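Visitor: I'm new to reading protein models. Could you walk me through this one?

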Amino acid sequence: MGKQIEEYELPTFEVEPEVILDSIAGRQKCKKCSKKIRFFCYNCVLVVDELASQLPELHLPIKLHVIKHRGENNGKSTAVYAKIMAPSTVAMYTYPEKENTLNIDPETSLLLYPGEGAKTMEELADEGQLQKYRDLVVIDGTWPQANGIISNESRPEHASKHNMETKRILQNMQRVTITPRKTKFWRYQSLDSSYMATIEAIYFCYYEYSNAMQKCNMANVVDTGCRNTEKNCEEKSEDRPSGDIKDLLYFYKYYYNVIQNRYKSDKSLVFHSFQAKDYIKYD
Ligand SMILES: [Zn+2]
């Protein structure tokens with residue numbers, strides 16, 4: 001018997017992207033690569049001026065590092081939504097790079113990756129460990145691609161497809177896992193519906209992190225009478241977490257609704273996606 005997978009309701013999320021995004025009409029040229037874009041350029045990760053001034057800005061509580069496999073197509077990536085919404089607290093990488101650019105301390109970094117040794121945010125909080133982490137790494141790619149990035153590479157003919165320094169950093173991080181939830185992705189083609197889109201996984205990782213930290217901070221108040229953790233006190237004001245982490249799903253919710261509405265308004269359209277017979281929520 002399969003494990004019960006949690007459902008979450010994207011349409012009821014208190015994020016209203018339509019008001020702003022629907023007001024952006026037509027396409028403009030990307031300032032960097034001249035490609036015609038509506039909201040932002042997937043390749044250059046640049047938002048059109050008209051929109052940039054209106055988007056809510058998010059500062060994540062710990063920095064996010066997204067590692068994209070070289071074989072993964074930019075236009076298909078949902079992870080880029082995180083960089084668009086929280087530009088100063090998100091860094092994007094391609095794996096492998098000739099030189100390692102992932103300059104973070106594995107001792108204070110978490111890697112979202114299930115399996116052996118992976119803990120939940122709550123377990124780390126209960127162990128009194130969660131507060132020491134400053135960075136979170138998420139791999140954007142298929143499971144075989146992610147596995148290739150993490151695993152030990154012993155075949156010499158594959159050495160050029162890897163960066164051993166990046167790999168060593170990733171292998172020495174504490175792994176974390178999140179509660180499986182049924183994806184709302186319109187493009188999942190393989191495995192099953194509990195494999196979330198990268199942006200969903202990122203959002204729920206921060207959601208579970210924030211909940212676990214809240215528990216820690218509450219315990220702190222009782223213990224010390226001070227809500228400020230050591231970490232918060234030494235942070236520069238511009239780095240302080242702000243905004244609503246739900247905004248990580250700003251574009252995701254927008255496109256979800258666009259697709260739902262397109263199919264609902266034209267019953268002759270048939271939604272084609274593996275295992276997604278009931279994807280369109282006809283009322
Ligand atoms: Zn561009």
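Guide: Sure, let's begin with contacts: two residues are in contact if their C-beta atoms, placed from the backbone, lie within 7 Å. In this protein, residues 24 or more positions apart account for 74% of the contacts with a separation of 6 or more.

Visitor: What should I know before trusting the details?

Guide: This is a predicted model, where local features need pLDDT of at least 70, side-chain atom pairs count only at pLDDT 80 or more, and totals for chains, interfaces and linings use all residues. Residues are numbered from 1 along each chain as its sequence is written. As for pLDDT, that's the predictor's confidence in each residue, from 0 to 100. The mean here is 84, and 84% of the residues reach 70 or more. Over residues 225-235, though, pLDDT stays under 50.

Visitor: How many helices and strands are there in the protein?

Guide: We read those from DSSP runs: helices are H or I with at least four residues, strands are E with at least two, and both are numbered from the N terminus. This protein has nine helices and nine strands.

Visitor: How do I tell buried from exposed?

Guide: Count neighbours: a residue is buried if 20 or more other C-beta atoms lie within 10 Å of its own, exposed if 12 or fewer, and partly exposed in between, with C-beta atoms placed from the backbone. Of the 283 residues in the protein, 27% are buried. Take Lys32, in the loop between β1 (28-29) and β2 (36-37). Lys32 counts as exposed because it has 11 C-beta neighbours inside 10 Å. Even so, Lys32 has contacts beyond four places in sequence, with Cys41, Cys44 and Leu46.

Visitor: And what is a nonpolar core?

Guide: In soluble globular proteins, nonpolar side chains tend to be buried together. We call a core a set of buried Ala, Val, Leu, Ile, Met, Phe, Trp, Tyr and Cys residues joined through C-beta atoms within 7 Å. The largest one here has 56 residues, and Tyr81, Leu112 and Ile199 are among those with the most contacts inside it. Helix α7 (residues 198-224) gives this core its largest share, ten residues. Looking at Ile199 beyond four places in sequence, you'll find contacts including Thr78, Ala82 and Leu248.

Visitor: Which strands are joined to β5 by bridges?

Guide: Strands pair if DSSP finds at least two bridges between them. Strand β5 (residues 63-69) runs parallel to β8 (residues 135-140), with six bridges joining them. Another six bridges join β5 to β6 (residues 90-95), also parallel. You can spot Val66 with its partner Val138 in β8, and Ile67 with Tyr93 in β6. Five of the seven residues of β5 are buried.

Visitor: Why does the span of helix α9 agree with what we'd expect?

Guide: The expected span of a helix is 1.5 Å times one less than its number of residues. Helix α9 (residues 250-265) has 16 residues, so it should span 22 Å, and its end C-alpha atoms are 23 Å apart, which agrees. Tyr250 and Phe251 are among the buried residues of α9.

Visitor: What about backbone angles?

Guide: Try Ser34, which has a positive phi of about 70° although it is not a glycine. Val45 isn't a glycine either, and has a positive phi of about 55°. There's also a cis peptide bond joining Tyr95 and Pro96, with omega about -5°. You'll find Pro96 in the loop between β6 and β7 (109-112).
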